[in-house]
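Here is my note on the model you sent. The points run in numbered order, and each can be checked against the coordinates.

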Amino acid sequence: MRKLSSIFLVGLCVGAIGAVAVTIGHGTAVPPKAIAVTEAVTTMSESPVASSPAPTPTPASTPGPSPKPESKVDPKVDAAELDRMVAGGDVSVVVFDRQAGATTVSVHADRGYTSASLVKLLIALAVLEQGGPVAQVQKMLSHSDDDLASRFWSAYGGPAIVTGWAKKIGLTGTRPPADPGRWGDTRITAKDVVRIYQYVVAHAPGAILAALRAASERGSDGFRQYFGIPDAAGGRPWAVKQGWSCCRPTRMLHTSGLVGEDDRYIVAVLSEHPASVDYATASKRVTTVVKAILG
């Protein structure tokens, strides 16, 4: 990978708050409903940890520090319950616990959706690998700037960005758009979104994660991007890339990112709604789903 490791060490944070992108008109037809709702919970033993001396008890008269929000994800989420939260639409959820090395929630993990701005993660990888402008890549992510995404898409390979990185990372459900010019029509799955984050954390954390931590509350088009993970995190640290699009003929709304101390959880929630469901309502539904899995 040319220059990628050194480039990603650049940690320039751009903008303030949640990264999302609007690709109006980038929706696609509603994918067929899954015949069966599946929920897979995988467990994996953790590495042994050396024992340490017990801490000295704090005197009763000395109040301790306020506890941090507990970093946990409920592995007993009911798939049918999540489906009911997105009435008339579709939702897919995958949560990976990096500490345990296990997928703790998997609901409709392989269902395909129009990616909207989640494909900007792959665009960023392509641009940075080829020595592109770090600050502009970070702006594209943190402010979810569509103009920059379009420029990078044209200059750094177009659909080949998707096919090339899908092969490199091992994405099984990700496909380039049928119309080569419509990057937001890239097809993607929740399982693949988690794999992208696993790759970024392991191989390219610098510039990309700095931008996702500095995601702005409103995107470059003014859309409020703190639905889903940011609104549901409850004080936990987060880094996010959001995405939404409408209406060809449906509305897509996705939240993805890292949640918890030491980026413990990778969370991907993809959703599709009838166009009659407005963004405000769809945003609340996605936030409700994330709250259900974060406990």
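1. Start with Lys 120. This is a predicted model, and in it Lys 120 counts as buried because its relative accessibility is 0%. Its charge has a partner: Lys 120 forms a salt bridge with Asp 146, with 2.8 Å between the closest N and O atoms. The two ends sit in separate helices, Lys 120 in α3 and Asp 146 in α5, 26 residues apart. Asp 146 is also buried, since its relative accessibility is 18% and the cut-off for buried is under 20%.

2. A second pair involves helix α3. Lys 168 forms a salt bridge with Glu 129, and the closest N and O atoms are 2.9 Å apart. Lys 168 belongs to helix α6 and Glu 129 to helix α3, so this bridge ties together parts 39 residues apart in sequence. Buried or partly exposed? Lys 168 is partly exposed, at 41% relative accessible area. Glu 129 is buried, at 14%.

3. Now helix α5 itself, residues 146-155. Asp 146, Leu 148, Ala 149, Phe 152 and Trp 153 are its buried residues. Viewed down the helix axis, they fall within an arc of 155 degrees, so they line one face of α5. Asp 147, Ser 154 and Ala 155 are exposed on the other side. What does the buried set pack against? The partners are α3 (120-129), α4 (134-142) and α6 (159-169).

4. Check both ends of α5. At the start, a side-chain oxygen of Asp 145 comes to within 3.0 Å of the backbone nitrogen of Asp 147. Just after the helix, Gly 157 has a positive phi of about 130 degrees.

5. Next, Thr 287, in helix α10 (residues 279-294). Thr 287 counts as buried because its relative accessibility is 9%. Its side chain reaches the backbone nitrogen of Gly 228 at 2.8 Å. Which residues does Thr 287 touch, leaving aside neighbours within four places in sequence? They are Phe 227, Gly 228, Asp 231 and Ala 232.

6. Asp 231, one of those contacts of Thr 287, has a salt bridge of its own. Its partner is Arg 224, with the closest N and O atoms 2.9 Å apart. Asp 231 is partly exposed, at 34% relative accessible area. Arg 224 is partly exposed as well, at 30%. Elsewhere, salt bridges that share partners join Arg 182, Asp 185 and Arg 248 into one network.

7. How many salt bridges does a search of the whole structure find? The count is eleven. The pairs Lys 120 with Asp 146, Lys 168 with Glu 129 and Asp 231 with Arg 224 are among them.

8. One more spot to look at is Ala 80, in helix α2 (residues 79-85). Ala 80 is partly exposed, with a relative accessible area of 35%. Its C-alpha lies 9.3 Å from that of Val 107, and the two residues are 27 apart in sequence.

9. Last, the chain as a whole. It has ten helices and seven strands. Of its 295 residues, 54% count as buried. Take the contacts with a separation of 6 or more: 74% of them are between residues 24 or more positions apart. The exposed area is about 12700 Å², and carbon and sulfur atoms supply 55% of it.

Terms used. Residues are numbered from 1 along each chain as its sequence is written. This is a predicted model: local features need pLDDT of at least 70, side-chain atom pairs count only at pLDDT 80 or more; totals for chains, interfaces and linings use all residues. Side-chain values use heavy atoms; hydrogens and water are left out. Helices (H or I, at least four residues) and strands (E, at least two) are DSSP runs, numbered from the N terminus. Buried means under 20% relative accessible area, exposed over 50%, partly exposed in between (1.4 Å probe, protein chains only). Contact means heavy atoms within 4.5 Å. Accessible areas come from the Shrake-Rupley method with a 1.4 Å probe; for residues, only the protein chains shown count as cover. A polar contact is a pair of N or O atoms within 3.5 Å; within protein, one must be able to donate a hydrogen and the other to accept it, and residues adjacent in sequence count only if both atoms are side-chain atoms. The arc is that of the directions from the helix axis to the C-beta atoms. A salt bridge is a side-chain nitrogen of Lys or Arg within 4 Å of a carboxyl oxygen of Asp or Glu.
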